[in-house]
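Open the model in your viewer and keep the sequence panel beside it. Each stop below tells you what to select and what you will find there.

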Amino acid sequence: MVDASDLVEFKRHLDGAHHIAITSHRSPDADAVGTSLALARFLSATGKEVTCLLPDAPDEALDWMPGVEDIVLFERDPGKAQDALHRADVLFALDYNGLNRLGPMADAARTATGTWLMVDHHMGPEDFPTARVHDARCSSTAELLWGVIAGLGGKDAVDATSASLLYAGMMTDTGSFRFSSVSSETHRVIADMMDRGLDHTAVHEAIFGEQPMDRMKLHAFAVVERMEVYPEFQTAFVHLTADDMARFHYRAGYTEGLVNKALGVAGVKVAVFAKESTDRVKMSFRSVGDFSVRDFAEQHFDGGGHHNAAGGASTESIGVVMARLRGLLPEIAAGIQATEAPKG
């Protein structure tokens, strides 16, 4: 729940704002894009000039989202993005806890002179915002934003379209509501959204329904040719090289869900997916139980995130990264065993 006292500063700064910039993190997922667009709809309805900004393009599976075509992408038009950042009286940081998560847009964001407001559920938020609504226990930023909009008096303005944007973030960040972060409040929010016209089936089908054949082939290749399972360490890795992705005509979002396929192997409690790009190797970490992949990613790969779902990156080659991961298998196994040891 969002406490009304958390929103006093939000209201004060928004009341005097004319130009608002909404930002979210690099490689934006449904929680990032859905919250950005839902907040933009709410603020625009109050008479504000609003610009949504992302460092790079979202997954094409999110093309159905109303307003996604109006998002300014820094990678395509840095000048327009910088102008919006510098013109803004208020800037929102949605679904990220530090400006470094903006990747190539970070430097431009740091020079913005407007007031920063944060809505986020990742652990360890930085202190750059003037005010923030933050809860690392919450299932998603979308769930938090629902509380923010309600607290700002906009709950009755949430229609079926805005509800679908928020639901997309909640659904994907919870693994279709199977993660431990899901609470009774999560389901109460969804019930309220359904009363406002949310078609949850349509959102699920838009994101997980029909898939391009190249994406399906890439997943099959990754599982058959690039998955490494280590039963004695209760760990599995999947990786893809740049050549692998080019072979299957990779597009943004094609690798979504691969880390969960590795975690779904019987006996596996920690999974890592690594993919090669032009300037880095990006990694996704998942776990079940009490092993913190957030701590592991932060310690070894400059990462962060949540207890059971985190991300990281390295400027080393994919071969070096995979060798490092294999070398860390005993540490992972020891960590799993430590969390399973009887208490007392």
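Start with an aromatic cluster. Select Phe285, Phe291, Phe296 and Phe301: these four form one cluster. Keep in mind throughout that this is a predicted model.

**Stop 1: from the cluster to α12 and α13**

Stay with Phe296 and Phe301. Both belong to the α12 side of a helix contact, together with His300. Now add helix α13, residues 318–327. Its part of the contact consists of Val321, Arg324 and Leu325.

How do the two helices cross? Their axes come within 13 Å, at roughly 125 degrees. An angle over 145 would count as roughly antiparallel, and 65 to 115 as roughly perpendicular. The α12–α13 pair is therefore oblique. The crossing of α12 past α13 is right-handed.

Colour the contact by residue class. You should find four nonpolar residues, one polar and one charged.

**Stop 2: Asp302**

Move on to Asp302, in the loop between α12 (293–301) and β11 (304–305). Check the backbone here. Phi is positive, about 50 degrees, although Asp302 is not a glycine. Is Asp302 buried or exposed? Its relative accessibility is 70%. The cut-off for exposed is over 50%, so Asp302 counts as exposed.

**Stop 3: Tyr167 and its ring partner**

Jump to helix α6, residues 160–173, and select Tyr167. Its relative accessibility is 7%, so Tyr167 counts as buried.

Add Phe177. The two rings make an aromatic pair with centres 5.7 Å apart. The planes stand at 40 degrees, and the pair is tilted. Phe177 sits in the loop between α6 and α7, so the pair ties together parts that are 10 residues apart in sequence.

For a second pair, select Tyr250 and Tyr254. Here the centres are 6.0 Å apart and the planes meet at 80 degrees, so this pair is edge-to-face. Which of the two tyrosines is buried? Tyr254 is, with a relative accessible area of 5%. Tyr250 is partly exposed, at 30%. In total, the structure holds 11 aromatic pairs.

**Stop 4: α6 against α7**

Return to α6 and show α7 (184–195) as well. The axes are 10 Å apart and the angle is about 155 degrees. That makes α6 roughly antiparallel to α7. The crossing is left-handed.

Select the side chains on each helix:

- From α6, take Ala163, Leu166, Tyr167 and Met170.
- From α7, take Thr186, Val189, Ile190 and Met193.

By class, this contact has seven nonpolar residues, one polar and no charged. Note Tyr167 in the α6 list.

**Stop 5: α6 against α8**

Keep α6 on screen and bring in helix α8, residues 200–208. The axes again lie 10 Å apart, and the packing angle is about 60 degrees. That makes α6 oblique to α8. α6 passes α8 in a right-handed crossing.

Select the residues that make the contact:

- α6 gives Ser164, Tyr167, Ala168, Met171 and Thr172.
- α8 gives His200, Val203, His204, Ile207 and Phe208.

What is the class make-up of this contact? Six residues are nonpolar, four are polar and none is charged. Tyr167 turns up here, as it does in the contact with α7.

**Stop 6: Ser176**

Go to the loop between α6 and α7 and select Ser176. Phi is near 60 degrees, a positive value in a residue other than glycine. Ser176 is partly exposed, with a relative accessible area of 36%.

**Stop 7: Val90**

Finish in strand β4, residues 90–94, and select Val90. Val90 is buried, with a relative accessible area of 1%.

What does Val90 touch, leaving aside its neighbours within four places in sequence? Show these residues:

- His13, Leu14, Ala17, His19, Ile20 and Ala21 are among its contacts.
- Thr115 and Leu117 are in contact with Val90 too.

Last, draw a C-alpha to C-alpha distance from Val90 to Met118. The two are 28 residues apart in sequence and 11 Å apart in space.

How values were computed: Residues numbered from 1 in each chain as written. Heavy atoms only, no water. Phe/Tyr/Trp six-rings, centres within 6.5 Å; stacked < 30°, edge-to-face > 60°. Helix = DSSP H or I, 4+ residues; strand = E, 2+ residues; numbered from the N terminus. Buried < 20%, exposed > 50% of the residue type's maximum accessible area, 1.4 Å probe, protein only. Axes fitted to C-alpha atoms, helices over the stretch in contact; angles between N-to-C directions. Parallel < 35°, antiparallel > 145°, perpendicular 65-115°, else oblique. Left-handed = near helix turned anticlockwise from the far one by under 90°. Contact = heavy atoms within 4.5 Å. Nonpolar A, V, L, I, M, F, W, Y, C, P; charged D, E, K, R; others polar.
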